[in-house]
Amino acid sequence: MPENYSNLVFGEDVAVLAGDSLLAFAFEYIATVTTGVPPSRILAAIFELAKSIGAEGLVAGQVVDIASAGVSDVGLDQLEFIHVHKTAVLLEASVVLGAVLGGGNKEEVEKLRKFARCIGLLFQVVDDILDVTKSSAELGKTAGKDLVAEKATYPKLMGLEKSREFAEKLNEEAKDQLSGFDSGKAAPLVALANYIAYRQN
């Protein structure tokens with residue numbers, strides 16, 4: 001573990017408070033810095049952010065993750081719930097906030113929401129695959145830690161090959177959501193999906 005993690009430098013209590021402060025600042029920033037956007041869109045963006053980190057989002061995923069620690073019969077549905085609510089929901093908020101503030105209509109926002117959810121889950125599936133196929137030197141972090149901790153992972157529940165197939169399916173589903181958008185404007189999102197799918201660390 002790097003020596004400059006805030007919890008190691010300042011202590012876990014201060015690190016948690018720093019996280020709380022940054023979370024509050026996100027709302028402050030949207031409310032005070034956003035210009036040239038109708039108030040209704042700003043309120044909608046604040047709602048999306050609150051939902052993503054509250055009881056229906058990040059908190060829900062973290063609670064289920066904590067409750068699943070040491071449990072041997074975690075299934076695919078429970079694993080997906082954890083990762084959708086811990087990882088995918090944050091990518092979803094990032095993408096959807098841009099769509100809402102940019103004036104996207106309901107259909108466009110929902111397509112981008114599904115895109116983000118797919119790449120968020122894709123990130124975790126790929127992470128699980130890399131954890132069992134790459135060395136610590138290649139990853140830049142300890143490899144095989146999920147196996148040692150006996151955590152539920154996609155390779156553990158589906159097998160390595162099925163996990164790779166699932167990752168490819170998620171990548172294609174994500175990019176399918178971008179059809180109908182201007183190809184030039186959608187290109188960075190296509191590149192992001194491919195980067196997540198084919199990253200090596």
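These exercises, each with a worked solution, concern a predicted model.

**Exercise 1. Helix 4**

Find which residues of helix 4 are buried, and where they sit around the helix axis.

Solution.
Step 1. Locate the element: helix 4 covers residues 58-68.
Step 2. List the buried residues of helix 4, which are Ala 60, Gly 61, Asp 65 and Ser 68.
Step 3. Look down the axis of helix 4: the buried residues fall within an arc of 130 degrees, so they line one face of the helix.
Step 4. Turn to the face of helix 4 directed away from the buried side, where the exposed residues Ile 66 and Ala 67 are found.
Step 5. Look for what covers the buried residues of helix 4; helix 5, residues 76-101, is included in that cover.
Step 6. Continue just past the end of helix 4, where Gly 70 has a positive phi of about 80 degrees.

**Exercise 2. Arg 113**

Decide whether Arg 113 is buried or exposed, and find which side chains make polar contacts with the side chain of Arg 113.

Solution.
Step 1. Place the residue: Arg 113 belongs to helix 6, which runs over residues 106-133.
Step 2. Compare its accessibility with the cut-off. Buried means under 20% relative accessible area. Arg 113 has 14% relative accessibility and therefore counts as buried.
Step 3. Take the polar contacts one at a time. The side chain of Glu 48 is joined to that of Arg 113 by a polar contact of 2.8 Å. The side chain of Glu 92 makes a polar contact of 2.9 Å with the side chain of Arg 113.
Step 4. Widen the search to every residue touched, leaving out those up to four places away in sequence: Arg 113 touches Glu 48, Lys 51, Glu 92 and Val 96.

**Exercise 3. Two aspartates of helix 6**

For Asp 128 and Asp 131, state how accessible each residue is and give one distance that involves each.

Solution.
Step 1. Place both residues: Asp 128 is in helix 6, and Asp 131 is in helix 6 as well.
Step 2. Read the accessibilities. Asp 128 has a relative accessible area of 2% and is buried. Asp 131, at 5% relative accessibility, counts as buried.
Step 3. For Asp 128, follow the side chain: one of its polar atoms lies 3.1 Å from the backbone nitrogen of Tyr 154.
Step 4. For Asp 131, use C-alpha atoms: Thr 153 is 22 residues away in sequence and 9.6 Å away in space.

**Exercise 4. The second largest pocket**

Describe the volume and lining of the second largest pocket.

Solution.
Step 1. Start with the volume: the second largest pocket holds about 240 Å³ of space.
Step 2. Count the lining: 13 residues line this pocket, and those closest to its centre are Val 126, Ile 129, Arg 164, Ala 197 and Gln 200.
Step 3. Assign the lining to elements. At least two residues come from each of helix 6, helix 10 (160-176) and helix 11 (183-198). Helix 6 gives the most, with five residues.
Step 4. Sort the lining residues by class: seven are nonpolar, two are polar and four are charged.

**Exercise 5. Glu 56**

State where Glu 56 lies, whether Glu 56 is buried or exposed, and what Glu 56 touches.

Solution.
Step 1. Locate the residue: Glu 56 is in the loop that runs between helix 3 (39-53) and helix 4.
Step 2. Apply the cut-off. Exposed means over 50% relative accessible area. Glu 56 has 61% relative accessibility and so counts as exposed.
Step 3. Find the contacts, not counting residues up to four places away in sequence: Glu 56 touches Lys 51 and His 85.
Step 4. Compare sequence with space: Glu 56 and Val 89 are 33 residues apart along the chain, and their C-alpha atoms are separated by 9.6 Å.

**Exercise 6. Ala 26 and Ser 183**

Give the helix, the accessibility class and one C-alpha distance for Ala 26 and for Ser 183.

Solution.
Step 1. Ala 26 is in helix 2, residues 12-33, and at 26% relative accessibility it counts as partly exposed.
Step 2. From Ala 26 to Ala 50 there are 24 residues in sequence and 10.0 Å in space, C-alpha to C-alpha.
Step 3. Ser 183 lies in helix 11 and, at 63% relative accessibility, counts as exposed.
Step 4. Ser 183 and Thr 34 are 149 residues apart along the chain, with 27 Å between their C-alpha atoms.

Conventions: Residues numbered from 1 in each chain as written. Predicted model: local features only at pLDDT ≥ 70, side-chain atom pairs only at ≥ 80, totals over all residues. Heavy atoms only, no water. Buried < 20%, exposed > 50% of the residue type's maximum accessible area, 1.4 Å probe, protein only. Helix = DSSP H or I, 4+ residues; strand = E, 2+ residues; numbered from the N terminus. Arc of directions from axis to C-beta. Contact = heavy atoms within 4.5 Å. Polar contact = N/O pair within 3.5 Å; in protein donor to acceptor, adjacent residues only side chain to side chain. 1 Å grid on protein atoms, 1.4 Å probe; cavity = no way out; pocket = protein on both sides within 12 Å on 5 of 7 lines; lining within 4 Å. Points joined across faces, edges and corners; volume = space filled by probe spheres on them. Nonpolar A, V, L, I, M, F, W, Y, C, P; charged D, E, K, R; others polar.
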